[in-house]
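Me: I should like to examine the labels attached to this structure and the reasoning behind each of them. Please set each value against its criterion.

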Amino acid sequence: MTEDVLVLGATGLVGQRVVRQLVADGRSVLAASRRAVPSNTPPGVRWIRSDATTPGDVAAVPVCSQAISTLPIELTADLAPRLQAQGLERLVAVSSAPAGTHAESEDPTERALADRSLDAEERTLAMGLAATVLRPTVVYGDRGDTEVGRIAEQLQRLRFFPLVGGGRGLRQPVHADDVATAAVRALSAPATVGRRYDVAGSEALTVREMVARIGAANGVRPVFVPVAPGPARRAMGALRRMPRFQPVTPGALHRMDRDLTVDNAPAALDLGFQPRPFEPPDYRVGAEEPAG
């Protein structure tokens with residue numbers, strides 16, 4: 001085994017896959033998460049319970065020269081200097097494509113979030129670490145709290161999906177396994193140091209096509225209902241009273257006819273990034289858990 005790779009956010013949708021891929025590559029892993037240690041931890045992984053927002057927990061993290069962080073990029077940027085002081089030299093940080101695509105959003109809350117994310121990316125790349133930033137698009141995988149999962153739940157409950165405009169805006173959902181692969185490869189790719197890479201799925205689908213495919217995977221043929229922006233905003237206000245749908249913002253309505261595609265070419269060139277087509281899981285209760 002080689003030296004430990006520190007994985008921050010190791011129980012998250014992407015983080016758990018990063019851990020598995022590092023182990024499959026023969027790396028020893030120090031996995032940090034504030035959640036309970038999973039029962040199916042593979043050999044070669046040491047777990048520590050650590051809250052990245054607590055200085056005492058961060059100070060207790062053993063020295064590692066390499067790390068992959070799937071934490072929110074603002075938290076990664078705040079945390080990295082402390083880890084650097086403890087010996088961190090190489091960092092791969094997972095941000096998100098909305099840091100760029102939401103910069104001109106009609107929603108001021110989304111614009112502010114994009115500005116904070118962009119600032120955090122800049123801080124991460126400028127602090128003297130050998131750092132790489134990955135920007136995935138709509139990430140999906142298992143039954144985690146993702147946009148794809150929320151759409152599947154909505155379709156199962158309501159059987160219809162409101163479309164503002166024609167839902168013609170393009171999306172590129174990317175599987176969490178493919179994001180993890182890119183992160184692990186970046187760790188060993190010196191050419192990626194100091195750079196940002198968009199990582200997206202191989203298909204560009206309209207919102208309508210994406211929702212229809214999610215429905216088909218979950219036994220629902222959705223009825224698409226054209227909705228004017230005003231009523232759609234009111235309906236979304238009601239939906240957001242449910243905790244699971246609170247991350248959905250009014251800006252999502254305005255984006256239904258907007259293309260949010262990115263360019264995978266740089267990641268393909270430097271990381272051999274070859275994402276899969278969009279294959280949404282079956283999120284229904286009792287359905288077999290998707291393979292990781």
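Reply: Contact means heavy atoms within 4.5 Å. The model is a predicted one.

Me: With that cut-off, which residues is glycine 272 in contact with, leaving aside its neighbours within four places in sequence?

Reply: Beyond those neighbours, glycine 272 is in contact with Arg185 and Ala267. Because contact requires heavy atoms within 4.5 Å, each of these two residues has a heavy atom within that limit of glycine 272. The C-alpha atoms of glycine 272 and arginine 185 are 8.4 Å apart in space, and the two residues are 87 residues apart in sequence.

Me: Where does glycine 272 lie, and what makes it partly exposed?

Reply: Glycine 272 lies in the segment after H11. Its relative accessibility is 32%; partly exposed covers the range between the 20% and 50% limits, so the label applies.

Me: Why is the pair of aspartate 270 and arginine 195 called a salt bridge?

Reply: The criterion is a side-chain nitrogen of Lys or Arg within 4 Å of a carboxyl oxygen of Asp or Glu. Aspartate 270 and arginine 195 have an N to O distance of 2.7 Å, so the pair qualifies. The pair links distant parts of the chain: aspartate 270 is in helix H11 (residues 265-271), whereas arginine 195 is in the loop between helix H7 (176-187) and strand S11 (196-199), 75 residues apart. Aspartate 270 has a relative accessible area of 24% and arginine 195 has 35%; both values fall between 20% and 50%, and therefore both residues are partly exposed.

Me: How do you know that glutamate 153 and arginine 157 form a salt bridge, and where do they lie?

Reply: Their closest N and O atoms are 2.9 Å apart, and the limit is 4 Å, so the pair counts as a salt bridge. Both residues lie in helix H6 (residues 147-158), four residues apart, about one turn of the helix.

Me: Is glutamate 153 buried or exposed, and is arginine 157 buried or exposed?

Reply: Glutamate 153 is at 18% relative accessibility; this is under 20%, so glutamate 153 is buried. Arginine 157 is at 52%, which is over 50%, and therefore arginine 157 is exposed.

Me: What makes aspartate 282 and arginine 284 a salt bridge?

Reply: Their closest N and O atoms are 2.6 Å apart, which is within 4 Å, so the criterion is met. Aspartate 282, with a relative accessible area of 22%, is partly exposed, and arginine 284, at 34%, is partly exposed as well.

Me: How many salt bridges does this rule give, and which residues are linked in a network?

Reply: The count comes to 14 salt bridges. Glu121, Glu122, Arg135 and Arg196 are linked in a network of them. In general terms, side chains of opposite charge can pair when their charged atoms come close.

Me: What is the volume of the largest cavity, and which residues line it?

Reply: The volume is about 40 Å³, and the structure holds one cavity of 30 Å³ or more. The lining consists of Leu6, Pro62, Val63, Cys64, Leu83, Gln86 and Leu88.

Me: How many residues of that lining are nonpolar, polar and charged?

Reply: Six are nonpolar, one is polar and none is charged. Leu, Pro, Val and Cys count as nonpolar; Gln is not among the nonpolar or charged types, so Gln86 is the polar one.

Terms used
Residues numbered from 1 in each chain as written. Predicted model: local features only at pLDDT ≥ 70, side-chain atom pairs only at ≥ 80, totals over all residues. Heavy atoms only, no water. 1 Å grid on protein atoms, 1.4 Å probe; cavity = no way out; pocket = protein on both sides within 12 Å on 5 of 7 lines; lining within 4 Å. Points joined across faces, edges and corners; volume = space filled by probe spheres on them. Helix = DSSP H or I, 4+ residues; strand = E, 2+ residues; numbered from the N terminus. Buried < 20%, exposed > 50% of the residue type's maximum accessible area, 1.4 Å probe, protein only.
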